[in-house]
Amino acid sequence: MNRAVNLAEVTAALTDARMKESTVWTLPARWYADPVIYEAERRRIFSRQWLWIGREAEVAEPGQYVTAAPAGFPLFVRRAEDGTLHAFHNVCRHRASKLLTEPSGRCSTIECPYHGWRYRSDGALDHVPLFGEAPDFPKSELSLFRISVETWRGLLFVCLDPEAAPLIEWLGPIEEAFAQTAPARVNFGREATYVVECNWKTYIDNYQEGYHIPPLHPSLHRDLDWTRYRVIDFEGGSLHDGPQRNRSNHPGSYGWRFPNFCFNSYPDGVSFLRMEPVSHTQTRLVYQFWTPEGAGPAELEAAAAYGIQLAREDIGVVEVVQQNLNAGVYERGPLSPRHENGLYNFHEMVREAIGPSVEA
Ligand code: FES
Ligand SMILES: [Fe+2]
């Protein structure tokens with residue numbers, strides 16, 4: 001029994017059954033271009049799911065921190081003196097300044113640059129300089145807004161929900177799929193970022209199908225047996241199975257976890273990818289390349305060049321698609337039961353999260 005069959009057994013083929021009953025359709029075009037929908041997504045999707053924001057190595061030492069602003073939520077992760085990782089919204093409880101303004105760094109205390117309020121590593125308000133005598137000043141209630149933080153395979157994830165379910169549960173079958181195809185040990189190589197002129201969902205839609213591989217990615221088409229490419233949905237995400245052709249180095253397995261975390265795992269390295277909304281019209285694509293222990297710069301550059309070539313091909317088409325979604329002619333399109341079940345899986349999650357209140 002091969003790996004793909006195993007994965008199919010442990011994951012429910014939810015969408016396939018529904019797609020057999022009738023033709024299913026994409027989300028309305030308006031949902032890819034509407035600031036009201038985007039605001040609902042920030043509150044009901046990006047505030048509730050785990051989000052990959054960086055690397056654990058960036059906060060290896062006590063006092064080290066990284067800042068991020070996924071979907072417009074400024075936040076930071078910092079390692080305390082006792083080694084514990086803490087994450088907070090990057091907002092001072094006085095008059096809302098950001099506390100840490102660099103992308104990353106090291107600080108012995110968390111001190112606001114605006115009026116000098118100081119917070120302890122656990123977020124408690126510690127020092128309020130020269131404030132005057134304010135009656136009933138609720139100092140103990142003015143701790144930083146805590147969020148959840150966890151690590152997985154050297155990556156840092158946060159969830160704005162301070163009571164989030166454990167990251168490993170959220171990842172579901174991704175851990176097993178990754179472990180089966182990735183090298184045992186990988187080291188960070190490099191990161192590439194692109195600001196793409198599209199809604200974040202336009203990029204996820206593109207990631208979620210292999211239908212476009214023959215026309216759009218000739219090199220990938222040569223490397224994998226596209227006729228056997230399939231997307232296996234699970235509750236919360238999809239695994240992609242791209243069987244390798246003989247002697248090819250590149251094909252492997254791919255996976256996406258709602259809303260915006262993807263991995264590509266190959267025998268010669270892995271890459272991680274996220275499509276981070278900047279606004280309802282723009283998406284930051286962050287691509288990290290990790291190579292197996294012992295690999296040199298040439299292997300890293302080869303893997304990165306391959307991934308970047310594919311990303312450029314995808315960026316080209318999603319920006320064109322976005323222009324047409326914005327234009328107001330096209331309303332929605334049919335999804336292929338053979339190739340686009342992964343989009344349906346994604347769209348159902350968006351519909352469920354957004355709810356009927358903003359239904360088109
Ligand atoms: S806003 Fe932070 S101390 Fe005033
Ligand atoms: Fe693609």
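In strand β3 of this predicted model, V77 is the bridge partner of V66. Zooming out from that one pair, β2 (residues 64–68) and β3 (residues 75–79) run antiparallel to each other and share 4 bridges. Both strands belong to an open sheet of 7 strands, put together in the order β1-β10-β9-β4-β3-β2-β5 with antiparallel pairing. At the edges sit β1 (51–55) and β5 (104–106), each of which has a pairing partner on one side only. Going from one strand to the next, the twist averages 30 degrees.

Now for the overall layout. The protein chain splits into domain 1, made up of 3–48 + 173–358, and domain 2, covering 51–163. Their C-alpha centres are 31 Å apart. Where the two meet, 10 residues of domain 1 are in contact with 12 residues of domain 2. On the domain 1 side, α3 (35–46) and β16 (269–277) are the elements that put in two or more residues, and β16 makes the largest contribution, with 4 residues. By type, that side of domain 1 breaks down into 5 nonpolar, 1 polar and 4 charged residues.

Helix α10 takes in residues 341–354, and its length works out nicely: at 1.5 Å a residue, its 14 residues should span 20 Å, so the 20 Å between its end C-alpha atoms agrees with expectation. Within α10, the run N341, G342, L343, Y344, N345, F346 and H347 is buried. Right after the helix comes G355, with a positive phi of about 80 degrees.

Definitions and conventions
Residues are numbered from 1 along each chain as its sequence is written. Chains are lettered from A and ligands numbered from 1 in the order in which they are written. This is a predicted model: local features need pLDDT of at least 70, side-chain atom pairs count only at pLDDT 80 or more; totals for chains, interfaces and linings use all residues. The expected span of a helix is 1.5 Å times one less than its number of residues. A residue is buried if 20 or more other C-beta atoms lie within 10 Å of its own, exposed if 12 or fewer, and partly exposed in between; C-beta atoms are placed from the backbone. Two strands pair if DSSP finds at least two bridges between them. Axes are lines fitted to C-alpha atoms, for helices over the stretch in contact, and angles run from 0 to 180 degrees between N-to-C directions. Domain bounds come from an automatic or database domain assignment. Two residues are in contact if their C-beta atoms, placed from the backbone, lie within 7 Å. Ala, Val, Leu, Ile, Met, Phe, Trp, Tyr, Cys and Pro count as nonpolar, Asp, Glu, Lys and Arg as charged, and the others, Gly among them, as polar.
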